[in-house]
Amino acid sequence: MKAIPSLLRSEARSRSQLPLLAAVLLLVEFARGAALVSFLPLYGTDTLGLTLGTVGAAIAAHYLTDTALKLGIGYWLDRHSIRAVVFAGMLASLAGILLLPLAHAPWLFIAASALYGVGISPIWIVCLTQVREEKRASQMGTLYAIWLGGLGAGPIVCNIVLDFSGGAAYLLLLGAVAAATALSLLLRGRTGADAPQHVPLRRQLPVLRERLQAMRLLLPGMVLQTAVAGMLVTVLPTFATDRLALSGAQYSLLLTAGGVLTIGMLLPMGRLSDRLSRHRRWFLVVGFFAVAASLYALSFTRGFGLCLALAALLGLSYAAVLPAWNALLAAYVPPSQKGLGWGMLSTVEGVGGMIGPVAGGLAATWRGEPFVVWLSALLFGLIGLCYGFLPLAEADHGRTNPPE
């Protein structure tokens, strides 16, 4: 009986971590959006006199380090305290930002951006490991809303500040990263059943191999989903102006409408997904079909009002997919190796994120932007169709413990 109060206290401490982690995540994603979309391109070319090629290589280096380190960071999270791993990562990010004013040489600018990417990886994986399984979809809906909100607000605020001063924009970026670093020191280490297990890697690999085998049919879809999203990011700005004849203000309003609806509906959709957990696959099926239909219709639309309605439908569909998808993946993460498990899955998804923009650019050069939108609609439809037939019983009916 003495163990029960201890476990309850441990669970309460674990739950109390999530709001603090969410605050760190918000600051990290705000800084990332501000840096990659607004600050680095202008600062690199206008202030440091670097080429656009160097800026592109720096942004690619950021995503490369962020993706490549996820598996290793997940491994360290299973062995060390959350505070130590997140704080070390944030220090690396802070060092990358501090290097930027000195990065007049292209290699140093690229290295600073890569170093900044090192610190982005831990916080998201930690959030994934700290979500309560019985409320995963609803809590992930909240975290996804914070992630998208920070990522979207960063460029908007940074662009406004850049109109007045590049130095002030740099201080804004530095302040956000420094604040996230300071907050990471308030994180507590895990205790009790949630403490790092120190399981030898030779014992973890067979468990992970078994889980990968169980989800082998999902792995291509994981890569394809993020790759198709990356394809669209590459072509949407020119598609909106050339094909849809939208002004810059109209395109911004379109993105805002879709983004606001996504953020606003993530929590309700997550809660609904938790309540209908046995039918969670249909959130994915209907959501991906709706995304496919919206993209296909968008390629034939000319009126701004209809474009706005389709953007809203895209946002709603995305909000239905994200929490359900994360809850589905959670069924394949070994409970005793959450850090390594989520690091592995995040790495797989990151591969698609790196492939997508390149594939989208090549396809647009070959056949034009409308072709990329049509192809994306087709692929999203096929993904939805696959989720209707894939054997997802384990994800629908609960988790199973991995063999020891």
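These legends describe close-up views of a predicted model.

**Figure 1. Overview of the protein chain, an all-helical fold by count of elements, with 16 helices and zero strands.** The chain has 404 residues, and buried residues make up 49% of them. Contacts reach far along the sequence. Among those between residues at least 6 apart, 85% join residues at least 24 apart. A search of the whole structure turns up three cavities of 30 Å³ or more.

**Figure 2. Close-up of the second largest cavity, which holds about 40 Å³ of space.** Eight names make up the lining: Ala-35, Leu-40, Gly-96, Ile-97, Leu-100, Ala-112, Ser-113 and Tyr-116. Three helices, α1 (3-47), α4 (82-99) and α5 (106-118), each supply at least two lining residues. Helix α5 gives the largest share, three residues. What classes of residue line this cavity? Six are nonpolar, two are polar and none is charged.

**Figure 3. The largest nonpolar core, a set of 109 residues.** Which members touch the most other members? They are Phe-39, Leu-100, Phe-109, Leu-143, Phe-380 and Tyr-387. Helix α1 gives the most to this core, with 15 residues. Leu-100 has a second role in these views, since the residue also lines the second largest cavity.

**Figure 4. Phe-39 and the residues that Phe-39 touches.** Residues up to four places away in sequence are not counted here. The partners are Ala-34, Gly-44, Leu-100, Cys-158, Leu-162, Gly-166, Ala-169, Tyr-170 and Leu-173. Among them is Leu-100, which, like Phe-39, is one of the core residues touching the most other members.

**Figure 5. Helix α6, residues 121-130, within the rest of the structure.** Is this helix largely enclosed or left open by its surroundings? All 10 of its 10 residues are buried, so α6 is largely enclosed by the rest of the structure. The buried set runs from Ser-121, Pro-122, Ile-123, Trp-124 and Ile-125 to Val-126, Cys-127, Leu-128, Thr-129 and Gln-130.

**Figure 6. His-62 in helix α2, residues 52-68.** His-62 has a relative accessible area of 0%, so the residue is buried. Its contacts, not counting residues up to four places away in sequence, are Arg-32, Leu-36, Ser-113, Ala-114, Tyr-116, Gly-117 and Ile-120. Two of these partners, Ser-113 and Tyr-116, also line the second largest cavity. The C-alpha atoms of His-62 and Leu-115 are separated by 7.3 Å. Along the chain these two residues are 53 apart.

**Figure 7. Asp-78 in the loop between α3 (70-77) and α4.** Is this loop residue buried or exposed? Asp-78 is buried, because its relative accessible area of 8% falls under the 20% cut-off. A distant part of the sequence comes alongside. The C-alpha atoms of Asp-78 and Lys-338 are separated by 7.2 Å, although the two residues lie 260 apart along the chain.

**Figure 8. Two cysteines, Cys-307 and Cys-386, in contrasting settings.** Cys-307 has 0% relative accessibility and therefore counts as buried. Cys-386 is partly exposed, because its relative accessible area is 42%. That value sits between the 20% limit for buried and the 50% limit for exposed. How many disulfides does the model contain? The count comes to zero.

Technical notes: Residues numbered from 1 in each chain as written. Predicted model: local features only at pLDDT ≥ 70, side-chain atom pairs only at ≥ 80, totals over all residues. Heavy atoms only, no water. 1 Å grid on protein atoms, 1.4 Å probe; cavity = no way out; pocket = protein on both sides within 12 Å on 5 of 7 lines; lining within 4 Å. Points joined across faces, edges and corners; volume = space filled by probe spheres on them. Helix = DSSP H or I, 4+ residues; strand = E, 2+ residues; numbered from the N terminus. Nonpolar A, V, L, I, M, F, W, Y, C, P; charged D, E, K, R; others polar. Buried < 20%, exposed > 50% of the residue type's maximum accessible area, 1.4 Å probe, protein only. Core = buried A, V, L, I, M, F, W, Y, C linked by side-chain atoms within 4.5 Å. Contact = heavy atoms within 4.5 Å. Disulfide = S-S within 2.5 Å.
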